[in-house]
Amino acid sequence: MNNGYIKLGPFPNVWVLYEANTGTPEETWERADASLKEFLGIIARRYINYAFKTDRYLSSLSVEEGANQMGAIHFFSDNKQFRFHNFRTRQVRTKGDRSIKTTKVKQAVKTFDKYFYSVSPAEVITTDMQEMSRCTLLATTLRSRLANKILEVVKGNMDYVIANWESIGGAMEAAGVLHPTKMEEIRQQKGEAATTTDLANTYRANVGYNVLLHGGYYYVNDRRTQLTERYERDALPDNIKRGVGLLKMVPDDTFIAGVGVRRRDYSFYVLGEEQ
């Protein structure tokens with residue numbers, strides 16, 4: 001059993017979600033539609049390193065390669081239709097449910113071969129760049145929360161209050177009109193907002209580097225030139241090597257002021273210097 005899944009059919013990489021009182025895997029496979037069986041008989045053997053996970057109705061297949069979620073296949077037994085969904089099909093189909101459909105098993109196999117191949121380092125970098133773009137919105141959110149905290153206490157020029165909060169808040173705390181707990185909350189949010197704002201500003205200005213560790217190599221995408229180069233560790237530019245070294249020491253999704261952000265243990269964004 002694999003996280004609630006048990007093997008299905010004559011394949012080592014096809015799994016069905018186990019639920020009590022729903023019959024044995026053998027019975028589930030026996031009642032499977034012939035088109036689905038034919039499709040899996042080809043694909044599961046061809047892509048032995050993939051895992052195919054389905055529900056007990058055999059209507060939805062999740063396709064995974066290790067920890068990578070590659071997409072999903074929906075099968076409708078009433079009309080023998082396959083529907084393929086992943087980030088590649090969404091680039092081709094820009095309207096409607098954005099899936100690719102077919103009722104022919106041979107065409108379904110061709111569609112799978114075309115859209116469900118392994119993710120390349122360049123695609124990982126592209127996905128991470130999209131995530132970083134969304135991450136820049138965090139700076140706006142944190143600053144808004146900071147302003148709301150201070151607005152509970154002080155009315156007036158918010159930019160001036162934020163810039164001089166340590167002296168203003170310290171005086172209010174000393175006078176007993178601001179609770180120390182709220183002062184500490186605001187101080188922490190101010191630091192987080194400043195860090196993420198610096199990161200967002202450099203990302204929007206295309207100053208920095210997306211760094212992906214893959215297959216023992218470092219793939220470095222220069223935000224300024226949009227060029228990606230591959231390096232061995234010892235050949236990394238000093239500023240990138242230093243930044244990655246520091247980011248490797250902190251947990252995932254951690255910002256370090258003046259350095260960058262660690263997205264995952266193999267994906268980093270290192271700040272550059274404005275020219």
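Which residue caps the N-terminal end of α2? The legends below, drawn from a predicted model, begin with that helix end and then turn to other close-up views.

**View 1. The N-terminal end of helix α2 and its cap.** D33 is the residue that caps the N-terminal end of α2, with a side-chain oxygen placed 2.8 Å from the backbone nitrogen of S35. The helix that follows has 13 residues and reaches 18 Å from its first C-alpha to its last, which is close to the 18 Å expected at 1.5 Å a residue. Within α2, the buried residues are S35, L36, F39, L40, G41, I43 and A44, so S35, whose backbone nitrogen takes part in the cap, belongs to the buried set because its relative accessible area is under 20%. L36, also found in helix α2, is buried with a relative accessible area of 5%. The C-alpha atom of L36 is separated by 47 Å from that of R204, and these two residues stand 168 apart along the chain.

**View 2. The salt bridge between D33 and K80.** The residue that caps α2, D33, also meets the side chain of K80 in a salt bridge, at 2.4 Å from N to O. This pair links distant parts of the chain, since D33 lies in the loop between α1 (25-30) and α2 (34-46) while K80 lies in the loop between β5 (68-76) and β6 (81-85), 47 residues away. The two partners differ in burial: D33 is buried, with a relative accessible area of 15%, whereas K80 is partly exposed, with a relative accessible area of 34%. Side chains of opposite charge can pair when their charged atoms come close.

**View 3. The salt bridge between helices α2 and α4.** R46 forms a salt bridge with D113, and the closest N and O atoms of this pair are 2.6 Å apart. Here too distant parts of the chain are linked, with R46 in helix α2 and D113 in helix α4 (residues 105-115), 67 residues apart. Both partners are partly exposed, R46 having a relative accessible area of 47% and D113 one of 26%. In the model as a whole, the count of salt bridges comes to six.

**View 4. R263 and D253, with the backbone of D253.** The side chains of R263 and D253 meet in a salt bridge, at 3.2 Å from N to O. Because R263 lies in strand β12 (residues 260-264) and D253 in the loop between α9 and β11 (254-256), the pair ties together parts that are 10 residues apart in sequence. R263 is buried, with a relative accessible area of 17%. D253 also draws attention through its backbone, for its phi is near 55 degrees, a positive value in a residue other than glycine.

**View 5. The backbone at L58.** L58 has a positive phi of about 55 degrees although it is not a glycine. Its place is in the loop between β3 (51-54) and β4 (60-65), where L58 is buried, with a relative accessible area of 9%.

**View 6. The second largest pocket and its lining.** The second largest pocket has a volume of about 210 Å³, and its lining is made up of D198, T202, N239, R242, G243, L246, G258, V259, V270, L271, G272 and E273. The elements that give two or more residues to this lining are α8 (180-204), α9 (238-247) and β13 (267-271), and α9 gives the most, with four residues. By character, the lining residues divide into four nonpolar, five polar and three charged. One of the lining residues, G243, lies in helix α9 and is buried, with a relative accessible area of 4%. The C-alpha atoms of G243 and G176 are separated by 42 Å, the two residues being 67 apart along the chain.

Key. Residues numbered from 1 in each chain as written. Predicted model: local features only at pLDDT ≥ 70, side-chain atom pairs only at ≥ 80, totals over all residues. Heavy atoms only, no water. 1 Å grid on protein atoms, 1.4 Å probe; cavity = no way out; pocket = protein on both sides within 12 Å on 5 of 7 lines; lining within 4 Å. Points joined across faces, edges and corners; volume = space filled by probe spheres on them. Nonpolar A, V, L, I, M, F, W, Y, C, P; charged D, E, K, R; others polar. Salt bridge = Lys/Arg side-chain N within 4 Å of Asp/Glu carboxyl O. Buried < 20%, exposed > 50% of the residue type's maximum accessible area, 1.4 Å probe, protein only. Expected span 1.5 Å × (residues − 1). Polar contact = N/O pair within 3.5 Å; in protein donor to acceptor, adjacent residues only side chain to side chain.
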